[in-house]
Amino acid sequence: MQLSNFSIRSKLIGLVMILALGIIVASGLAFCFSYQDTLNGKKEQIRSVIQASANQISALRNQQQSGQISQHEYQQRLRDLIYTVGYGEEGYLYLIENNQLLLHPRLPQLEGQAISELPEQMRPNLILSGLDELFRRSAGQHFWNIYWPRPEGGRSIEKLTYMQQIQGSDLVLGTGIYLDDLYPIYLQRALSYLGLTLFILISALISAILIARNIVRPVKALSEQMGQLAHGDIDQEIRFTHHRDEIGKIARAMDHFRDHLLENKRLRYVQEHVQFLENFDPVTRLYNRHAIGEALEREIIRNFDTQEKVYFLFIRLDLLRNLTIELGDEQRDEILVETANRLRLLLSVNHRLARLSEGSFGLILINKPDDLKLEQLAQSILETMQQPIKLGNLQIQIGARIGVTSFPEDGDQQFELIGRAEIAAKAARKREQNWLCYNQIRDQEAHQRLELWQDLSTALEQDQFHLVFQPLFDLNHNTPLSAETLLRWNHPRLGPISPAVFVPLAEQSGLISSLDYWVLSAVARQCRHWINKQLCFPRIAVNLSGISFLRSDFEQRLTEIFRRYQVPLWHLELELTEGVLIEDLTHIQEKLKRVRATGVSISIDDFGTGYSSLSRIKNLPVDHIKIDRSFVEDLDSNPQDLKIVQAIILMAHGLQLKVVAEGVETEQQLSILREAQCDIVQGFLLSKPLAVEQFESLIDEDLIIEGA
Ligand code: C2E
Ligand code: CA
Ligand code: CA
C-alpha cells in the first residue's frame, strides 16, 4: 500500500471516510436483520396468543361436555373470548368450525356463513385450501402468506395468515397480520438507525477536525520549521515544545537540534574570526606576524637554490606606547591606519607589508634592491612616517627606526630574519641611528656566541647550572597549582646568562639533550628531597627541547631517571613548544600518548607564536596551553591581542583544555585575564622565579594556610 504521497490530513480524512462507510454498511445490515427479527417476533406472538386462546377454548369445551356449563353459556363465553382477545394494535382472532365462519369480531355479519359462500374478495378458495393443508398436517397449525383485503374492504394486500386446529374438535382458530402494519415499526427502526449513524458520523467528523487541529497543524508547522532550519534560518524559536505528547517530543528534539546549530554557528563565527586573526591585523587590515612569517618562509624556499637575497625590514615606531596612554585606543588606531596607508602608497605591490606588534611593521622586499636602493627606500619610509599626522586639532609627528636583515647572510629561517631585524631596530634606537643592518651588529654578537659555545660544554661538568622555580597560580583560588623550573647559568666570568641566549646555542651544538636530562635529574632529585622532608609540593613543570622529546628513547630515559629517585611521574609536567607539533600528526599523537601514559602532563608553551593552531591541537592529547607572553604583554593596550586571547581561551575550553597566561606583570592584565576566564596565571606580578629555599618557604606557607 502506497500512502506516503498523501499528506497526513488526507490520510486522516480517508480514515474517517472508511469509518463512515463501515458505519453505514453495518447499520444497513443491522436494519435488514432486524426486519426478519420483527417478523419472527410477530409470528411468535401470534403463536402464543393462539395457543393460549386454544387452551381456553379446549377448557370451555370440556366444561360444556361435562355439563358444568350449558350450551348457551358455552357459546356466550366462546364469543366473549374471541371478541376480546387481541394482540398488537390491530391483531384479532376468528374461529371456523366445519368450513363455516363461526365467529369474526370484525365481520360479525358474515358469521354462520359457509367459507365457500364468502364474498369472492375474501378469497374463500385460499382459505379452504389453507384449511385442507392444515388438516393434512399432523401438527395442526399452519402459517402462510396470502393477498387479502382488510375486513373493512379495499384492495388485497399481503397478509401473514395463521391457523391452528383446536385439538379433538373441528374448531380452527385463525388470525393474521397485514404486512403493511409492520412498516411503521420498520420505519421507526430505520429512523433510529439513521439517527444513530448520523450521530456517529458527526462525532467522527468532529473528532477528525479535533485530531486535525491537534496533530496535523503542529506537524505541518513543525515540518515547515524543519525546512526553514535546513535552509539555515535558525533564529526562529521552535513551537509546541511545551506539548506533553509525541509532538512535544519532536519539537523538543528539534529545539535541541536548533541549539546545536546555534552553537555550531557561534563556533563557526569564532573560528572564522580566529582564522582571520590568524593571518590579518584587524586594525590596519595588513598581514600579521604569522602571515608575514609564512610569506618570508616561502620567499626563502623560493630563493634557496639560487641563494638570491631576500630582505626583511623591521619598522619600529618610536613613542607609540606613550602616545597611546595619552590619546586612547581610537586615536592610536587612527595613527596606525594612517601609517599603514602611507606605507602602502609608498611601496610596490610586490612587497609584503605586515603589522607585527603594537608599534611595529614588517616588510619583505621581493624585488631585491641593491644596497643603494635599500638605503633610499629606508630613507623614504622614515620621511613618510615623519610627516605630521592630523588628529582632530592635533598634529602628531612619529619617528621610526628600521632594522634590516637579509637571507642568506642573517639566517635561513623566517623567525631568525624577523627576530634579528627587530634586534637591529632596537640597536638602531640605542645607537640613535635611523636604520641599521643586522650584519653590523652580528660580528660582535658572533664573537660572544662562539665564546659561550665553547664554555657551554664545560659548564655542565663544572656544575655552573642551577634551577629556580616560578609558581603558577589558579586564578580562581589564588593557590600555587604548579611551578615552572627555569634553568640558570652562572658564567664564571660573564655572570648570569639567560636561557633565552644559551638554550638556542645548546640546541645548535648538540648539547641540548645532556642539558635537558641534567634538568630532569635535578628535578627528580629535588622532588625526592621534598618527599623526604614530607613537604607537600605542587606539580613541577620542566621546559623540554623538542630535540630531546622526539628522541625514540626519551620515555625510557625519563622513566629511568624518576625511578632512580623513586619519584612518581605524576609530579612532572613537560612544557613543549609548538615547533614540536609540526611533526607528522600520527607520529606526534603516538609519542604524546606514550609519554602521557607514564603519568606526565603536557603543556604547549608559547602558544600563538608558531605554526600550530587549535585545530591541530584538537587532535593531540595535551593538558594545558600556555598563551605566549607577547600576547599578555600588550593585553591592556592592544585590542587585537585581547581578542586573540579571548578567542584562544574560548576555543581551548571548547576542547576541554586549561589555559595558562604567562608573563602577567600588572593588576590590569590580571583582571582582564580573570574576566576572559583564563584558568591559570604566571608572572612577576604574582611571583618571580624563586630559589629553592624561597620556593620551599612559599609552599610551606601554603600548607599552613591550607591546614588552618
Ligand atoms: P619560557 O618557557 O617562556 O619561560 C618563561 C620565561 O618568562 C622565563 O624566562 C621567565 O623568567 C620569564 N617570565 C616569567 N614571568 C615573567 C613576567 O611576568 N615578565 C617577564 N618579562 N618575564 C617573565 P627565562 O627564565 O629567561 O627563560 C627563557 C626561556 O628559556 C624559557 O621561556 C624557555 O623557553 C627556556 N628555558 C628556560 N629553562 C629551560 C630549561 O630548563 N630547558 C630548556 N630546554 N629551556 C629552558
Ligand atoms: Ca616554559
Ligand atoms: Ca613560554
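The following exercises, each with a worked solution, concern a predicted model and its ligand sites.

Residues are numbered from 1 along each chain as its sequence is written, and chains are lettered from A and ligands numbered from 1 in the order in which they are written. In this predicted model, local features need pLDDT of at least 70, side-chain atom pairs count only at pLDDT 80 or more, and totals for chains, interfaces and linings use all residues, while side-chain values use heavy atoms, with hydrogens and water left out.

**Exercise 1. Describe the shell around ligand 1.**

Step 1. Begin with the residues. The shell holds 23 residues, of which Arg488, Asn543, Asp605, Glu665 and Phe684 come nearest; a residue is near a molecule or strand if one of its heavy atoms lies within 4 Å of it.

Step 2. Sort the shell by class. Nine of its residues are nonpolar, six polar and eight charged. Here Ala, Val, Leu, Ile, Met, Phe, Trp, Tyr, Cys and Pro count as nonpolar, Asp, Glu, Lys and Arg as charged, and the others, Gly among them, as polar.

Step 3. Assign the shell to elements. At least two residues each come from strand E15 (480-491), helix H12 (499-509), helix H13 (512-532) and strand E19 (601-607). The largest share, four residues, belongs to E15. Helices (H or I, at least four residues) and strands (E, at least two) are DSSP runs, numbered from the N terminus.

Step 4. List polar contacts. A polar contact is a pair of N or O atoms within 3.5 Å; within protein, one must be able to donate a hydrogen and the other to accept it, and residues adjacent in sequence count only if both atoms are side-chain atoms. A side-chain N or O atom of Glu484 is 3.2 Å from an oxygen atom of ligand 1. A polar backbone atom of Leu487 is 3.1 Å from a nitrogen atom of the ligand, and a polar side-chain atom of Asp516 is 3.2 Å from a nitrogen atom of ligand 1.

Step 5. Consider the area. Ligand 1 taken alone exposes 790 Å², and the protein buries 85% of that. Accessible areas come from the Shrake-Rupley method with a 1.4 Å probe; for residues, only the protein chains shown count as cover.

**Exercise 2. Identify the donors of the two calcium ions and state how the sites are linked.**

Step 1. Fix the term: donors are N, O and S atoms within 2.8 Å of the metal (3.2 Å for Na, K and Ca); water is not among the atoms, so sites may look incomplete.

Step 2. Take the calcium ion (ligand 2). Glu484 (OE), Asn543 (OD1), Glu575 (OE) and Asp605 (OD) coordinate this ion at 2.1 to 2.3 Å. Glu575 is in strand E18 (residues 572-577) and Asp605 in strand E19, so this pair ties together parts that are 30 residues apart in sequence.

Step 3. Take the calcium ion (ligand 3). Its protein donors are Asp605 (OD), Asp606 (OD), Glu662 (OE) and Glu662 (OE), at 2.0 to 2.6 Å. Because Asp606 lies in strand E19 and Glu662 in strand E21 (residues 658-662), the pair ties together parts that are 56 residues apart in sequence.

Step 4. Find the link. Asp605 bridges the two calcium ions, ligand 2 and ligand 3, which lie 4.0 Å apart.

Step 5. Classify the donors by accessibility. Buried means under 20% relative accessible area, exposed over 50%, and partly exposed in between (1.4 Å probe, protein chains only). Glu575 is buried because its value is 2%, Asp605 is buried at 6%, and Glu662 is buried at 9%. Asp606, at 26%, is partly exposed.

**Exercise 3. Place Glu575, Leu544 and Phe684 in their surroundings.**

Step 1. Start with Glu575. Contact means heavy atoms within 4.5 Å. Beyond its neighbours within four places in sequence, Glu575 is in contact with residues including Glu484, Asn543, Leu544, Asp605 and Lys626. The side chains of Glu575 and Lys626 are joined by a polar contact of 2.7 Å.

Step 2. Turn to Leu544. This residue lies in the loop between strand E17 (539-543) and helix H14 (546-549). Leu544 is buried because its relative accessible area is 6%. Among the residues it touches, not counting those up to four places away in sequence, are Asp516, Phe549 and Glu575.

Step 3. Finish with Phe684. The loop between strand E22 (680-682) and helix H21 (692-707) contains Phe684, which is partly exposed at 45% relative accessibility. The C-alpha atoms of Phe684 and Glu665 are 5.3 Å apart, although 19 residues separate the two along the chain.
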